[in-house]
Structure formats: structure tokens, C-alpha cells
Amino acid sequence: MVLGIDEAGRGCLAGSLFVAGVVCNDQTALEFLKMGLKDSKKLSPKKRFFLEDKIKMHGEVGFFVVKKSANEIDSLGLGACLKLAIEEILENGCSLANEIKIDGNTAFGLNKRYPHIQTIIKGDETIAQIAMASVLAKAFKDREMRQLHALFKEYGWDKNCGYGTKQHIEAIIKLGATPFHRHSFTLKNRILNPKLLGVEQRLI
């Protein structure tokens with residue numbers, strides 16, 4: 001059994017960070033690959049929500065989703081929130097898995113306590129369980145930002161999901177930040193370096 005872990009919303013200027021874990025065997029993971037599973041950023045929202053439902057309903061899949069709000073990120077820091085969320089997933093899912101695979105290049109020091117953790121850069125493109133976790137995290141993030149968009153339509157959250165697009169930054173400059181913005185995330189570098197907007201746009 002493999003426990004795959006991934007996040008959504010790490011680089012956003014607004015909204016929560018969602019970290020998800022999915023545990024299943026490779027045979028079950030293959031079922032999802034046949035359904036069209038891949039890195040969530042390469043799926044349409046409709047396909048992500050379809051796969052989210054299938055993951056939640058499958059009897060051979062265990063899943064965990066942890067939310068860290070913008071306020072928690074401002075108070076504790078993004079790195080601390082990521083570590084706490086991953087730790088919570090490991091505490092709940094570690095006993096179900098003999099392999100733990102995390103998307104990215106750091107285990108935030110948790111490999112000392114969980115020595116069989118493996119970090120994999122672009123793991124959501126190569127490990128099905130990480131891709132499944134990616135789908136869950138992104139679906140939760142999408143849903144949150146659509147709900148917040150109904151309250152703050154000027155920021156374009158239904159399209160940019162809280163990332164620092166040109167429209168989003170211009171709205172912040174014009175209207176100011178909302179209670180759902182991460183006030184610890186500075187806009188200075190993004191305004192001075194438009195290339196960052198292109199990078200963040202590709203994360204949506």
C-alpha cells in the first residue's frame with residue numbers, strides 16, 4: 001500500500017492551503033489511471049471533480065484532507081503549515097501504508113520520525129497515489145475559491161483560484177486585501193517582476 005501526499009494552494013495570495021493524502025494499492029491506482037487520472041493541473045475542473053467523487057466513494061481507497069487557512073499561514077508561516085498538515089496525514093494514514101511518497105523535494109524533517117518517506121519531484125506526474133492526492137487537494141481548493149468568489153467577484157477567484165494573476169494583483173492594488181488574503185505574502189516582487197505572474201498562471 002502506498003500513501004501519496006500532495007498539496008494545492010501553496011503559492012496563492014488568497015485562500016487556504018489544502019494538503020491531501022491518498023492510500024491504496026497499485027492495482028486500485030491503476031483503475032484511476034484508466035479513468036484518465038493525471039497531475040491535477042492537467043485536468044479540467046469537471047474531470048477533477050469527477051475523479052474526486054470516484055476517489056471518495058472507492059471502498060479500497062483511504063483519503064485525508066487537511067486545511068490550513070490564510071490566518072494560520074500568516075500566523076505560523078507556510079512551511080510550518082505544510083509540515084503540520086503532512087504530519088496530521090501521516091499520523092492518520094501511516095499505519096495503512098508501507099510506502100510514503102510526497103510530491104516535492106522536502107519532507108520537512110519528518111523523515112527522521114518516518115524513515116520510509118520518499119520525496120519525489122513532480123511526483124504527481126509519475127506516482128498515481130500522489131496524483132490522486134493532487135486531485136483531492138485541487139478540488140477542495142477550487143471549491144473554496146468558487147465560494148469566496150461569490151463574496152468578492154472583483155478578484156477573479158473563480159478563474160485564478162487565488163494565484164497572483166494580473167487581474168488579481170490589480171484588484172488588490174485598487175480595492176485592497178480581503179480577510180481571506182494572506183497578508184504575509186508580499187506583492188512587491190510580483191509587481192516588479194511580471195515573469196512571476198506567468199509562472200503562477202501555469203499553476204492554476
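I'll start with one pairing: glycine 21 stands opposite phenylalanine 64 in strand 3. Before I go further, please keep in mind that this is a predicted model.

Glycine 21 itself is placed in strand 2. Is glycine 21 buried or exposed? Its relative accessible area is 0%, so glycine 21 is buried. What does glycine 21 touch, once residues up to four places away in sequence are set aside? The contacts are Leu3, Gly4, Ile5, Gly62, Phe63, Phe64, Ile89 and Ala133. There is also a long-range relation to glutamine 129: the two residues are 108 apart in sequence, and their C-alpha atoms are 8.2 Å apart in space.

Now the strand around glycine 21. Strand 2 covers residues 17–24, and eight of its eight residues are buried. Both faces are covered. On one side you have Leu17, Val19, Gly21 and Val23, and on the other Phe18, Ala20, Val22 and Cys24.

Next, the sheet. Five strands make up an open sheet, the order is 3-2-1-4-5, and the pairing is mixed. The edges are strand 3, residues 62–68, and strand 5, residues 117–120, each of which pairs on one side only. On average, neighbouring strands of this sheet are turned by 20 degrees against each other, direction ignored. As a reminder, strands of a sheet pair through backbone hydrogen bonds, either parallel or antiparallel.

Let me walk across in that order. Strand 3 and strand 2 are antiparallel, with seven bridges between them; the pairing I opened with, glycine 21 to phenylalanine 64, belongs here. Strand 2 and strand 1 also run antiparallel and are joined by seven bridges. One partner pair there is aspartate 6 with alanine 20 in strand 2.

Then the sense changes. Strand 1, residues 2–8, pairs with strand 4 in the parallel sense over four bridges. Glycine 4 stands opposite lysine 101 of strand 4. Strand 4, residues 99–103, runs parallel to strand 5 and is joined to strand 5 by four bridges. Lysine 101 comes up again here, with glutamine 118 as its bridge partner in strand 5. So much for the sheet.

On to the aromatics. A pair of aromatic rings is described by the distance of the centres and the angle of the planes. How many aromatic pairs does the model have? The count comes to five. One of them is phenylalanine 18 with phenylalanine 140, a tilted pair with 6.0 Å from centre to centre and 50 degrees between the planes. This pair links distant parts of the chain: phenylalanine 18 is in strand 2 and phenylalanine 140 is in helix 5, residues 128–149, with the two positions 122 residues apart.

The two partners can be described by their accessibility. Phenylalanine 18 has a relative accessibility of 5%, below the 20% cut-off, and therefore counts as buried. Phenylalanine 140, at 24%, counts as partly exposed. The ring of phenylalanine 140 has another neighbour: the charged end of arginine 143 sits over that ring, 5.8 Å from its centre.

There is also an aromatic cluster, formed by Phe152, Tyr155, Trp157 and Phe180. Threonine 178 touches Phe152, Tyr155 and Trp157 from that cluster, and also His183, not counting residues up to four places away in sequence. Threonine 178 lies in the loop between helix 7, residues 166–175, and helix 8, residues 188–192. With a relative accessible area of 4%, threonine 178 is buried.

Last, the domains. The domain assignment gives domain 1 as residues 2–148 and domain 2 as residues 152–197. Taken over C-alpha atoms, the domain centres are separated by 25 Å. In the contact, domain 1 takes part with 19 residues and domain 2 with 18 residues.

I'll close with cysteine 12, which lies in the loop between strand 1 and strand 2. Cysteine 12 has a relative accessibility of 0%, so this residue counts as buried. Which residues does cysteine 12 contact, leaving aside neighbours within four places in sequence? They are Lys141, Cys161, Gly162, Tyr163, Arg182 and Phe185. As for isoleucine 117, cysteine 12 is 105 residues away in sequence and 26 Å away in space, C-alpha to C-alpha.

Terms used:
Residues are numbered from 1 along each chain as its sequence is written. This is a predicted model: local features need pLDDT of at least 70, side-chain atom pairs count only at pLDDT 80 or more; totals for chains, interfaces and linings use all residues. Side-chain values use heavy atoms; hydrogens and water are left out. Two strands pair if DSSP finds at least two bridges between them. Axes are lines fitted to C-alpha atoms, for helices over the stretch in contact, and angles run from 0 to 180 degrees between N-to-C directions. Rings of Phe, Tyr and Trp (its six-membered ring) pair if their centres lie within 6.5 Å; planes under 30 degrees apart count as stacked, over 60 as edge-to-face and the rest as tilted. Buried means under 20% relative accessible area, exposed over 50%, partly exposed in between (1.4 Å probe, protein chains only). A charge sits over a ring if NZ of Lys or CZ of Arg is within 6 Å of the ring centre and within 35 degrees of the ring normal. Domain bounds come from an automatic or database domain assignment. Contact means heavy atoms within 4.5 Å.
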